[in-house]
Amino acid sequence: MRRHIVIILSTLIGLGTGIWFLPKLWAVMGLGNLFLLNNNVTNGIIGAIIFALLSLLFVNPLLTQFRKIENYLAKQTPAYLFFGVIFLIVGLVLANIISVPLYHTHIFLTNTLIPITLMVVLGYLGFRLGTTRRKEWGHVFRLHRRNGDKENEAVKGEILSQDSGENFHRYKLLDTSVIIDGRIYDIAKTGFVEGTLLVPTFVLHELQLISDSADSIKRVRGRRGLDILNQMQKDPAMHIQMYDGDFEDTKEVDTKLVKLAKMIDGIVVTNDFNLSKVCEFQKVPVLNINKLASILKPVVLPGEKMTVTVIKAGTERQQGVAYLDDGTMIVVEEGQKYLNKTLEVIVTSALQTAAGRMIFAKPAQLTKSLKTGTNK
(Lines give C-alpha, C1' and ligand atoms only; values in the text may rest on other atoms or scores of the structure.)
Protein backbone atom coordinates (compact mmCIF):
# COMPACT_ATOMS: atom_id res chain seq x y z
CA MET A 1 0.00 0.00 0.00
CA ARG A 2 2.74 2.46 0.93
CA ARG A 3 4.63 1.57 -2.22
CA HIS A 4 1.63 2.49 -4.39
CA ILE A 5 1.12 5.76 -2.50
CA VAL A 6 4.76 6.78 -3.06
CA ILE A 7 4.52 6.01 -6.79
CA ILE A 8 1.25 7.96 -7.15
CA LEU A 9 2.61 10.97 -5.29
CA SER A 10 5.80 10.93 -7.36
CA THR A 11 3.75 10.80 -10.55
CA LEU A 12 1.65 13.79 -9.46
CA ILE A 13 4.79 15.73 -8.53
CA GLY A 14 6.26 14.88 -11.92
CA LEU A 15 3.07 16.08 -13.62
CA GLY A 16 3.30 19.48 -11.94
CA THR A 17 7.06 19.71 -12.45
CA GLY A 18 6.73 18.90 -16.16
CA ILE A 19 4.08 21.59 -16.72
CA TRP A 20 6.14 24.19 -14.82
CA PHE A 21 9.77 23.37 -15.65
CA LEU A 22 9.91 21.68 -19.06
CA PRO A 23 8.74 24.73 -21.12
CA LYS A 24 11.69 26.68 -19.70
CA LEU A 25 14.02 23.80 -20.52
CA TRP A 26 12.75 23.62 -24.12
CA ALA A 27 13.24 27.38 -24.49
CA VAL A 28 16.85 27.13 -23.31
CA MET A 29 17.45 24.25 -25.74
CA GLY A 30 15.83 26.17 -28.63
CA LEU A 31 12.93 23.71 -28.95
CA GLY A 32 10.22 26.00 -27.60
CA ASN A 33 8.63 26.56 -31.02
CA LEU A 34 7.73 22.90 -31.52
CA PHE A 35 3.99 22.36 -31.06
CA LEU A 36 4.29 18.98 -29.29
CA LEU A 37 6.77 20.34 -26.76
CA ASN A 38 5.00 23.69 -26.30
CA ASN A 39 1.97 21.93 -24.79
CA ASN A 40 1.04 21.52 -21.11
CA VAL A 41 -0.46 18.08 -21.68
CA THR A 42 2.69 16.77 -23.33
CA ASN A 43 4.99 18.34 -20.74
CA GLY A 44 2.86 16.99 -17.87
CA ILE A 45 2.87 13.46 -19.32
CA ILE A 46 6.65 13.56 -19.86
CA GLY A 47 7.27 14.78 -16.29
CA ALA A 48 4.87 12.19 -14.83
CA ILE A 49 6.57 9.33 -16.72
CA ILE A 50 10.05 10.44 -15.66
CA PHE A 51 9.13 10.75 -11.96
CA ALA A 52 7.17 7.47 -12.03
CA LEU A 53 10.23 5.63 -13.39
CA LEU A 54 12.46 7.30 -10.79
CA SER A 55 10.04 6.31 -8.00
CA LEU A 56 10.24 2.66 -9.10
CA LEU A 57 14.01 2.83 -8.64
CA PHE A 58 14.01 4.62 -5.28
CA VAL A 59 10.74 3.49 -3.65
CA ASN A 60 12.35 0.76 -1.52
CA PRO A 61 15.12 2.99 -0.05
CA LEU A 62 12.53 5.71 0.59
CA LEU A 63 10.21 3.33 2.43
CA THR A 64 13.15 2.07 4.49
CA GLN A 65 13.98 5.62 5.54
CA PHE A 66 10.32 6.32 6.33
CA ARG A 67 10.20 3.29 8.63
CA LYS A 68 13.34 4.44 10.44
CA ILE A 69 11.82 7.90 10.91
CA GLU A 70 8.55 6.39 12.19
CA ASN A 71 10.37 4.15 14.66
CA TYR A 72 12.47 7.07 15.86
CA LEU A 73 9.46 9.34 16.38
CA ALA A 74 7.50 6.55 18.09
CA LYS A 75 10.22 6.29 20.73
CA GLN A 76 10.19 10.02 21.50
CA THR A 77 8.22 11.65 24.29
CA PRO A 78 5.21 13.92 23.64
CA ALA A 79 7.29 16.88 24.85
CA TYR A 80 9.95 16.11 22.20
CA LEU A 81 7.38 16.05 19.39
CA PHE A 82 5.47 19.07 20.70
CA PHE A 83 8.42 21.44 20.99
CA GLY A 84 9.98 20.07 17.80
CA VAL A 85 6.85 20.81 15.73
CA ILE A 86 6.29 24.21 17.37
CA PHE A 87 9.81 25.45 16.65
CA LEU A 88 9.77 23.88 13.17
CA ILE A 89 6.71 26.01 12.38
CA VAL A 90 8.44 29.08 13.85
CA GLY A 91 11.47 28.45 11.59
CA LEU A 92 9.31 28.06 8.48
CA VAL A 93 7.33 31.22 9.24
CA LEU A 94 10.55 33.16 9.81
CA ALA A 95 11.97 31.87 6.50
CA ASN A 96 8.85 32.97 4.63
CA ILE A 97 8.97 36.44 6.20
CA ILE A 98 12.60 36.85 5.14
CA SER A 99 11.76 35.62 1.63
CA VAL A 100 8.89 38.07 0.98
CA PRO A 101 11.11 40.60 -0.88
CA LEU A 102 12.73 37.77 -2.85
CA TYR A 103 9.37 36.51 -4.18
CA HIS A 104 8.93 39.74 -6.19
CA THR A 105 12.11 39.22 -8.21
CA HIS A 106 12.01 37.47 -11.58
CA ILE A 107 15.21 35.49 -11.12
CA PHE A 108 14.87 31.75 -10.48
CA LEU A 109 17.77 31.78 -8.00
CA THR A 110 16.29 34.49 -5.76
CA ASN A 111 12.56 33.81 -6.00
CA THR A 112 12.73 30.01 -5.70
CA LEU A 113 16.04 28.43 -4.71
CA ILE A 114 17.00 30.85 -1.91
CA PRO A 115 13.52 30.75 -0.23
CA ILE A 116 13.51 26.94 -0.36
CA THR A 117 17.02 26.84 1.12
CA LEU A 118 15.98 29.26 3.88
CA MET A 119 12.93 27.15 4.75
CA VAL A 120 15.01 23.96 4.93
CA VAL A 121 17.78 25.53 7.03
CA LEU A 122 15.59 27.56 9.43
CA GLY A 123 13.05 24.75 9.74
CA TYR A 124 15.81 22.30 10.70
CA LEU A 125 17.40 24.73 13.13
CA GLY A 126 14.01 25.41 14.71
CA PHE A 127 13.31 21.70 15.12
CA ARG A 128 16.73 21.09 16.67
CA LEU A 129 16.36 24.07 19.00
CA GLY A 130 12.98 22.84 20.16
CA THR A 131 14.00 19.20 20.73
CA THR A 132 17.48 19.60 22.20
CA ARG A 133 16.38 22.24 24.73
CA ARG A 134 12.87 20.90 25.38
CA LYS A 135 13.46 20.54 29.12
CA GLU A 136 14.38 24.21 29.42
CA TRP A 137 11.41 25.28 27.28
CA GLY A 138 9.09 23.13 29.36
CA HIS A 139 10.49 24.68 32.52
CA VAL A 140 9.97 28.20 31.08
CA PHE A 141 6.36 27.45 30.15
CA ARG A 142 5.70 25.96 33.59
CA LEU A 143 7.17 29.01 35.27
CA HIS A 144 5.03 31.27 33.09
CA ARG A 145 1.90 29.29 33.94
CA ARG A 146 2.80 29.23 37.61
CA ASN A 147 3.41 32.97 37.65
CA GLY A 148 0.05 33.50 35.95
CA ASP A 149 -1.65 31.32 38.56
CA LYS A 150 0.02 33.29 41.34
CA GLU A 151 -1.17 36.57 39.85
CA ASN A 152 -4.72 35.26 39.74
CA GLU A 153 -4.49 33.97 43.29
CA ALA A 154 -3.12 37.33 44.42
CA VAL A 155 -6.54 38.81 43.72
CA LYS A 156 -8.03 36.43 46.27
CA GLY A 157 -5.34 37.10 48.85
CA GLU A 158 -1.59 37.60 48.80
CA ILE A 159 -0.86 35.53 51.91
CA LEU A 160 -2.90 32.54 50.70
CA SER A 161 -1.14 32.66 47.34
CA GLN A 162 2.32 32.68 48.92
CA ASP A 163 1.51 29.79 51.26
CA SER A 164 0.13 27.67 48.44
CA GLY A 165 3.08 28.31 46.14
CA GLU A 166 5.81 27.74 48.73
CA ASN A 167 4.48 24.77 50.67
CA PHE A 168 2.61 22.68 48.11
CA HIS A 169 4.45 20.41 45.67
CA ARG A 170 2.09 18.58 43.37
CA TYR A 171 4.34 15.70 42.32
CA LYS A 172 5.96 13.16 44.65
CA LEU A 173 8.62 11.18 42.75
CA LEU A 174 8.98 7.58 43.90
CA ASP A 175 12.40 5.95 43.70
CA THR A 176 13.09 2.23 43.39
CA SER A 177 13.86 1.60 47.06
CA VAL A 178 10.65 3.15 48.38
CA ILE A 179 8.54 1.16 45.90
CA ILE A 180 10.16 -2.12 46.95
CA ASP A 181 9.77 -1.13 50.60
CA GLY A 182 6.00 -0.94 50.08
CA ARG A 183 5.14 1.31 53.03
CA ILE A 184 4.49 4.26 50.71
CA TYR A 185 1.33 2.46 49.55
CA ASP A 186 -0.05 2.32 53.10
CA ILE A 187 1.00 5.90 53.80
CA ALA A 188 -0.66 7.17 50.63
CA LYS A 189 -3.88 5.30 51.41
CA THR A 190 -4.12 7.07 54.75
CA GLY A 191 -4.02 10.45 52.97
CA PHE A 192 -0.84 11.73 54.60
CA VAL A 193 0.80 12.24 51.17
CA GLU A 194 -0.86 14.98 49.14
CA GLY A 195 -0.63 15.55 45.42
CA THR A 196 0.25 12.98 42.73
CA LEU A 197 2.64 10.07 43.08
CA LEU A 198 4.87 10.09 39.99
CA VAL A 199 6.74 6.99 38.79
CA PRO A 200 9.30 7.74 36.03
CA THR A 201 9.83 5.10 33.36
CA PHE A 202 13.54 4.86 34.21
CA VAL A 203 12.59 3.78 37.75
CA LEU A 204 10.19 1.19 36.31
CA HIS A 205 12.98 -0.03 34.01
CA GLU A 206 15.32 -0.43 37.00
CA LEU A 207 12.64 -2.42 38.82
CA GLN A 208 12.33 -4.69 35.80
CA LEU A 209 16.09 -5.24 35.71
CA ILE A 210 16.09 -6.14 39.42
CA SER A 211 13.19 -8.56 38.96
CA ASP A 212 15.11 -10.28 36.12
CA SER A 213 18.31 -10.53 38.18
CA ALA A 214 20.10 -13.86 38.59
CA ASP A 215 20.30 -13.18 42.34
CA SER A 216 17.23 -14.73 43.97
CA ILE A 217 17.05 -12.06 46.70
CA LYS A 218 17.14 -9.20 44.19
CA ARG A 219 14.63 -11.01 42.00
CA VAL A 220 12.14 -11.32 44.88
CA ARG A 221 12.57 -7.65 45.78
CA GLY A 222 12.09 -6.52 42.18
CA ARG A 223 8.92 -8.57 41.75
CA ARG A 224 7.63 -7.27 45.06
CA GLY A 225 8.10 -3.70 43.79
CA LEU A 226 6.25 -4.45 40.54
CA ASP A 227 3.39 -6.06 42.47
CA ILE A 228 3.10 -3.03 44.74
CA LEU A 229 3.03 -0.69 41.73
CA ASN A 230 0.24 -2.73 40.15
CA GLN A 231 -1.77 -2.60 43.38
CA MET A 232 -1.33 1.16 43.63
CA GLN A 233 -2.37 1.67 40.00
CA LYS A 234 -5.52 -0.43 40.45
CA ASP A 235 -6.54 1.40 43.63
CA PRO A 236 -9.13 4.06 42.61
CA ALA A 237 -8.25 6.18 45.64
CA MET A 238 -4.59 6.38 44.62
CA HIS A 239 -3.38 9.34 42.55
CA ILE A 240 -0.49 7.82 40.63
CA GLN A 241 0.92 8.71 37.20
CA MET A 242 3.75 7.59 34.92
CA TYR A 243 6.40 9.92 33.50
CA ASP A 244 7.64 8.84 30.07
CA GLY A 245 10.56 11.24 29.75
CA ASP A 246 14.20 10.36 30.26
CA PHE A 247 17.59 12.03 30.58
CA GLU A 248 19.67 10.41 27.86
CA ASP A 249 22.87 12.14 28.97
CA THR A 250 22.62 10.63 32.48
CA LYS A 251 22.96 6.96 33.43
CA GLU A 252 22.39 6.96 37.21
CA VAL A 253 18.73 6.62 38.18
CA ASP A 254 19.20 8.68 41.36
CA THR A 255 20.70 11.55 39.36
CA LYS A 256 17.80 11.41 36.93
CA LEU A 257 15.35 11.62 39.84
CA VAL A 258 17.05 14.71 41.23
CA LYS A 259 17.05 16.38 37.80
CA LEU A 260 13.37 15.57 37.26
CA ALA A 261 12.44 16.89 40.72
CA LYS A 262 14.18 20.17 39.91
CA MET A 263 12.50 20.39 36.52
CA ILE A 264 8.91 19.87 37.71
CA ASP A 265 9.34 21.30 41.23
CA GLY A 266 8.58 17.93 42.82
CA ILE A 267 9.59 16.04 45.96
CA VAL A 268 11.68 12.87 45.95
CA VAL A 269 10.19 10.11 48.11
CA THR A 270 12.77 7.52 49.15
CA ASN A 271 14.19 5.46 51.98
CA ASP A 272 17.72 5.59 50.54
CA PHE A 273 19.95 7.41 53.04
CA ASN A 274 22.54 8.48 50.43
CA LEU A 275 19.91 9.77 47.99
CA SER A 276 18.38 11.81 50.80
CA LYS A 277 21.74 13.46 51.48
CA VAL A 278 22.24 14.22 47.77
CA CYS A 279 18.78 15.80 47.57
CA GLU A 280 19.47 17.92 50.64
CA PHE A 281 22.79 19.09 49.17
CA GLN A 282 21.15 20.07 45.87
CA LYS A 283 18.25 21.83 47.62
CA VAL A 284 15.68 19.30 46.38
CA PRO A 285 12.82 18.52 48.81
CA VAL A 286 12.89 14.91 49.98
CA LEU A 287 10.62 12.68 52.06
CA ASN A 288 12.52 9.84 53.73
CA ILE A 289 10.18 7.03 54.77
CA ASN A 290 12.75 5.76 57.27
CA LYS A 291 12.77 9.13 59.03
CA LEU A 292 9.02 8.88 59.36
CA ALA A 293 9.31 5.34 60.70
CA SER A 294 11.98 6.36 63.18
CA ILE A 295 9.48 8.45 65.16
CA LEU A 296 6.77 5.78 65.04
CA LYS A 297 6.56 2.40 66.68
CA PRO A 298 8.68 -0.28 65.02
CA VAL A 299 6.93 -2.73 62.71
CA VAL A 300 8.01 -5.71 64.84
CA LEU A 301 8.02 -6.00 68.61
CA PRO A 302 10.23 -8.11 70.88
CA GLY A 303 8.77 -11.58 71.35
CA GLU A 304 7.20 -11.80 67.90
CA LYS A 305 7.96 -14.84 65.78
CA MET A 306 8.87 -14.89 62.10
CA THR A 307 10.22 -17.38 59.59
CA VAL A 308 13.43 -16.43 57.76
CA THR A 309 16.21 -17.98 55.68
CA VAL A 310 19.79 -17.38 56.84
CA ILE A 311 21.82 -16.56 53.73
CA LYS A 312 25.22 -15.47 55.06
CA ALA A 313 27.39 -15.14 58.14
CA GLY A 314 27.28 -11.99 60.24
CA THR A 315 30.08 -9.69 61.28
CA GLU A 316 30.20 -11.05 64.82
CA ARG A 317 31.07 -14.60 65.80
CA GLN A 318 28.30 -17.20 65.20
CA GLN A 319 25.89 -14.58 63.82
CA GLY A 320 23.76 -15.23 60.76
CA VAL A 321 22.08 -12.69 58.49
CA ALA A 322 18.67 -12.97 56.84
CA TYR A 323 16.51 -10.49 54.90
CA LEU A 324 12.81 -9.81 54.66
CA ASP A 325 11.18 -9.30 51.26
CA ASP A 326 11.44 -5.51 51.66
CA GLY A 327 15.21 -5.73 52.27
CA THR A 328 15.14 -5.38 56.07
CA MET A 329 18.19 -7.07 57.58
CA ILE A 330 17.67 -9.60 60.39
CA VAL A 331 20.67 -10.47 62.54
CA VAL A 332 20.20 -13.97 63.98
CA GLU A 333 22.30 -14.78 67.02
CA GLU A 334 23.84 -18.27 66.86
CA GLY A 335 22.48 -18.38 63.33
CA GLN A 336 25.66 -19.25 61.47
CA LYS A 337 25.01 -22.94 61.98
CA TYR A 338 21.69 -22.55 60.11
CA LEU A 339 23.30 -21.14 56.96
CA ASN A 340 21.06 -21.58 53.87
CA LYS A 341 18.31 -23.00 56.08
CA THR A 342 14.83 -21.72 56.88
CA LEU A 343 14.00 -21.48 60.57
CA GLU A 344 11.67 -19.77 62.98
CA VAL A 345 13.16 -16.93 65.02
CA ILE A 346 11.98 -14.79 67.91
CA VAL A 347 12.58 -11.04 67.76
CA THR A 348 14.66 -9.72 70.62
CA SER A 349 14.93 -6.06 69.54
CA ALA A 350 14.53 -3.72 66.57
CA LEU A 351 16.69 -0.78 65.64
CA GLN A 352 15.37 1.98 63.36
CA THR A 353 17.76 4.53 61.88
CA ALA A 354 17.62 6.98 58.99
CA ALA A 355 19.60 4.45 56.93
CA GLY A 356 17.06 1.64 57.44
CA ARG A 357 15.61 -0.90 59.87
CA MET A 358 17.56 -3.70 61.54
CA ILE A 359 16.01 -6.54 63.53
CA PHE A 360 17.83 -8.74 66.06
CA ALA A 361 16.49 -12.23 66.73
CA LYS A 362 17.30 -15.64 68.19
CA PRO A 363 16.38 -19.06 66.82
CA ALA A 364 13.17 -20.33 68.40
CA GLN A 365 14.75 -23.79 68.86
CA LEU A 366 17.60 -22.30 70.89
CA THR A 367 15.17 -20.35 73.08
CA LYS A 368 13.14 -23.51 73.78
CA SER A 369 16.24 -25.50 74.70
CA LEU A 370 17.38 -22.76 77.09
CA LYS A 371 13.98 -22.74 78.78
CA THR A 372 14.03 -26.54 79.09
CA GLY A 373 17.50 -26.47 80.64
CA THR A 374 16.37 -23.79 83.12
CA ASN A 375 13.35 -25.83 84.18
CA LYS A 376 15.50 -28.85 84.82
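Strand E7 (residues 312-313) is joined to strand E8 (residues 320-323) by 2 bridges, and the two run antiparallel; helices (H or I, at least four residues) and strands (E, at least two) are here DSSP runs, numbered from the N terminus, and two strands pair if DSSP finds at least two bridges between them. This is a predicted model, in which local features need pLDDT of at least 70 and side-chain atom pairs count only at pLDDT 80 or more, while totals for chains, interfaces and linings use all residues. Residues are numbered from 1 along each chain as its sequence is written, and side-chain values use heavy atoms, with hydrogens and water left out.

Within this pairing, lysine 312 has valine 321 in E8 as its bridge partner. The hairpin of E7 and E8 has 6 residues between the strands, and glutamine 318 in that hairpin takes a positive phi near 70°. E8 is also joined to strand E9 (residues 329-332), by 4 bridges and in an antiparallel manner, and there alanine 322 has isoleucine 330 in E9 as its bridge partner. The hairpin of E8 and E9 has 5 residues between the strands, with glycine 327 at a positive phi near 95°.

Most residues other than glycine have a negative phi. Two loop residues elsewhere in the chain can be read with that in mind. Aspartate 265, in the loop between helix H11 (253-264) and strand E4 (267-270), has a positive phi near 55° although it is a residue other than glycine. Aspartate 265 counts as partly exposed because its relative accessibility is 30%, where buried means under 20% relative accessible area, exposed over 50% and partly exposed in between, with a 1.4 Å probe and protein chains only. Lysine 283, in the loop between helix H12 (273-281) and strand E5 (286-288), likewise is not a glycine and has a positive phi of about 60°; with a relative accessible area of 74%, lysine 283 is exposed.

The strands that follow these two loops belong to an open sheet of 5 strands, which has the order E3-E2-E1-E4-E5 with parallel pairing. Strand E3 (240-243) and E5 stand at the edges, each with a single partner strand, so one side of each is left without a neighbour in the sheet. From one strand to the next the twist averages 30°, an angle that, like the others here, runs from 0 to 180 degrees between N-to-C directions, with axes taken as lines fitted to C-alpha atoms, for helices over the stretch in contact. Inside the sheet, strand E1 (residues 171-174) and E4 run parallel and are joined by 3 bridges, with leucine 174 standing opposite valine 269 in E4. Helix H10 (residues 216-234) packs on the sheet, where it touches E1, strand E2 (196-200) and E3, and its direction makes about 120° with that of E3.

The helices H11 and H12 also meet one another, packing at an angle of about 35° with their axes 11 Å apart. Here Asp254, Leu257 and Val258 in H11 meet Leu275, Val278 and Cys279 in H12, and contact means heavy atoms within 4.5 Å. The residues of this contact of H11 with H12 divide into 5 nonpolar, no polar and 1 charged, where Ala, Val, Leu, Ile, Met, Phe, Trp, Tyr, Cys and Pro count as nonpolar, Asp, Glu, Lys and Arg as charged, and the others, Gly among them, as polar.

Another helix pair lies at the start of the chain's numbering: the axes of helix H1 (residues 2-28) and helix H2 (residues 40-74) come within 5 Å and cross at roughly 140°. That angle makes H1 oblique to H2, since angles under 35 degrees count as roughly parallel, over 145 as roughly antiparallel, 65 to 115 as roughly perpendicular and the rest as oblique. The residues of the contact of H1 with H2 divide into 18 nonpolar, 11 polar and 4 charged. Glycine 14 is found in helix H1 and is buried, with a relative accessible area of 0%. Leaving aside its neighbours within four places in sequence, glycine 14 is in contact with Gly44, Gly47, Ala48 and Phe51.

For the protein chain as a whole, the secondary structure comes to 14 helices and 11 strands, and buried residues make up 32% of the 376 residues.
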